[in-house]
Amino acid sequence: DDDASDDDDDDARDAVAARDDEDDDDEDAATTMDGGTVTRADEGEGDDAGRRRDARTSFGRATTTRATREEDALATAIGATAATLARTRARTGRALTLALVAGAWAQSVNLGGTFALALFRAHEVPIVAAAFALGVAAWKFACAQYARTCVLRREGEKEGEARSDRRGALAAVNSMGWSVRAAHGELKDARGVLASLCVLDLRRLASVAWNSLITVPIPYLGLIKLLDFAVAGPVLVNEGKTPREAMARSRELMYGYRVLLMKTTFLCSTVCAALVCGTVGAFVACVPSLPNLMLGAEATTVGEAAAGFINGAAFDRVWVLGTPLERAATFALLVCGLVLSFLFTLGFRELLSLFYEETTTRYSPPPPLDASAIDATNKPSLWRRAQFWRKE
C-alpha cells in the first residue's frame, strides 16, 4: 500500500511538472511571438523614421541646392538683369506715386509764381523773369533729387508692397490716398540729404573727368571710376555717410563686382533698346507715313533729323500737316516715350540698389592693419605716388 501511494504521489508530481513545463513552453512561445511582433513593429517604426529622416535630408539638400542656384544666379549678369526687371516691376507703383507728388511740388511753385508775377505785372521786368526762371529750374531739380533719394532709400518699401497687393476698387482708392500721404512724408524726410547728394555727384563727376579726360585721355580709367563709385548714392542715402566716406565705401563694396555690373548694365541696355525698337517699329507698321512726315524733306543728314526732334520742329510739322490718325499716333508715341523714360530711369536706380544690397550682404571687412608694421619713414613722396605708371 505504501508503495502504491508513493507511486501515486510520483505520478501526481510528474503530472504537475508536465503541466508546468507546458505552461513554460506556452509562455516562451507567447513571449517569442510578442517579441517578434514588437521587433517587427520596432523595425517598421524605424523604417518610417528612417524614411522621414531621408525625406527631410533630401528636402534640406534640395533647398540648399536651390538656394545655391539662386546665389549663383545673382552672381551672373543674366540673373542680375532678371532681378532688376523684377524689382522694377514690383516698385513701379511706389516710384510713380513719388514722381507725381514731386511733380506736384514743382508745378505748384511754377504755376503759383507765374500767377503772382502776372498779377503784379512783374514778369515784364527782365531780371525778375530771369531770376524766377532760374529759381523754378533749381526747385524742379531739387524735387527730382528728392524723388531719387526716396527711390534709393529702402524705408517704407514693405508697406508699399503690401499696399500694392490689395484688390478691389475701394481698396485701391484708399491705398492710393494713403500712398500719396506717405510719399509726401518721404519727400519731406529726403530734404536733409539734398546737399550731400549734390556734393557727391560733383565729386564723382570730377573724379571721372580727372582720371579719363584731364590727366591722361584714357576712357578706361574713367569707366573704372564709374564702376567704383556706382553705389555711392545708395550708401550715402541708407548709411548716412559723408560724400567722401560714401565714395570710399562704394569702392570697397564694388571690389570684385565691377565686371558683373558692366555686363548687367549692357544686358539691361539691350533690353531697353529692344523695347524702344519694338515700340517705334509698331508705330511705323501702323502708320507708315508718320516717319516721312516727322523727318521732313529738308532733313538730309542724321544731325538735321535729330535736331528736328530736339527743337520740336518734327512735332510741329505733324500738328500742322498731319492727318488726325498721324496726330493721334504722334501723341501716343510721346506718351510711350515718357513711360519708357520713367521705366528706364527707375530700372537703372533699382540696378544700383540691387548691387548695393547684394554687395553689402556679402561684404567682409579686411583684417585691421598692424600699426607697428607701418613705417612712416618709408612712405613714398607725393611725386612718386603721382607716377601711377611706374610699378613698385
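Trainee: Which helices each supply at least two residues of the nonpolar patch?

Mentor: Helices α14 (313–321) and α15 (324–362) do; helices (H or I, at least four residues) are DSSP runs, numbered from the N terminus. The model is predicted: local features need pLDDT of at least 70 and side-chain atom pairs pLDDT 80 or more, while totals for chains, interfaces and linings use all residues. Residues are numbered from 1 along each chain as its sequence is written, and side-chain values use heavy atoms, without hydrogens and water.

Trainee: Which residues make the nonpolar surface patch?

Mentor: A nonpolar patch joins side chains of Val, Leu, Ile, Met, Phe, Trp or Tyr within 5 Å, each with over 30% relative accessible area (Shrake-Rupley, 1.4 Å probe, only the protein chains shown as cover) and no salt bridge (Lys or Arg side-chain nitrogen within 4 Å of an Asp or Glu carboxyl oxygen). Here Trp319, Val320, Leu321, Phe331, Leu334, Val335 and Val339 make about 680 Å². The largest share, 4 residues, comes from α15. Leu334 lies in α15 and is partly exposed (20% to 50%), because its relative accessibility is 39%.

Trainee: How many aromatic pairs does the whole structure hold?

Mentor: A ring pair is described by centre distance and plane angle. Ring centres of Phe, Tyr or Trp (its six-membered ring) must lie within 6.5 Å; planes over 60 degrees apart count as edge-to-face, under 30 as stacked, the rest as tilted. There are 3 pairs. Trp105 and Tyr146 are edge-to-face, at 6.3 Å and 80 degrees. This pair links helix α3 (residues 92–119) with helix α4 (residues 126–152), 41 residues apart. Trp139 and Tyr146 are also edge-to-face, at 6.4 Å and 75 degrees.

Trainee: Is Tyr146 buried or exposed?

Mentor: Tyr146 counts as buried (under 20%; exposed is over 50%), because its relative accessibility is 7%. Trp105 is buried as well, whereas Trp139 is partly exposed at 25%. Ring pairs link Trp105, Trp139 and Tyr146 into a cluster.

Key. Patches are made of residues with over 30% relative accessible area and no salt bridge: like charges are joined within 9 Å, nonpolar side chains (Val, Leu, Ile, Met, Phe, Trp, Tyr) within 5 Å. Buried means under 20% relative accessible area, exposed over 50%, partly exposed in between (1.4 Å probe, protein chains only).
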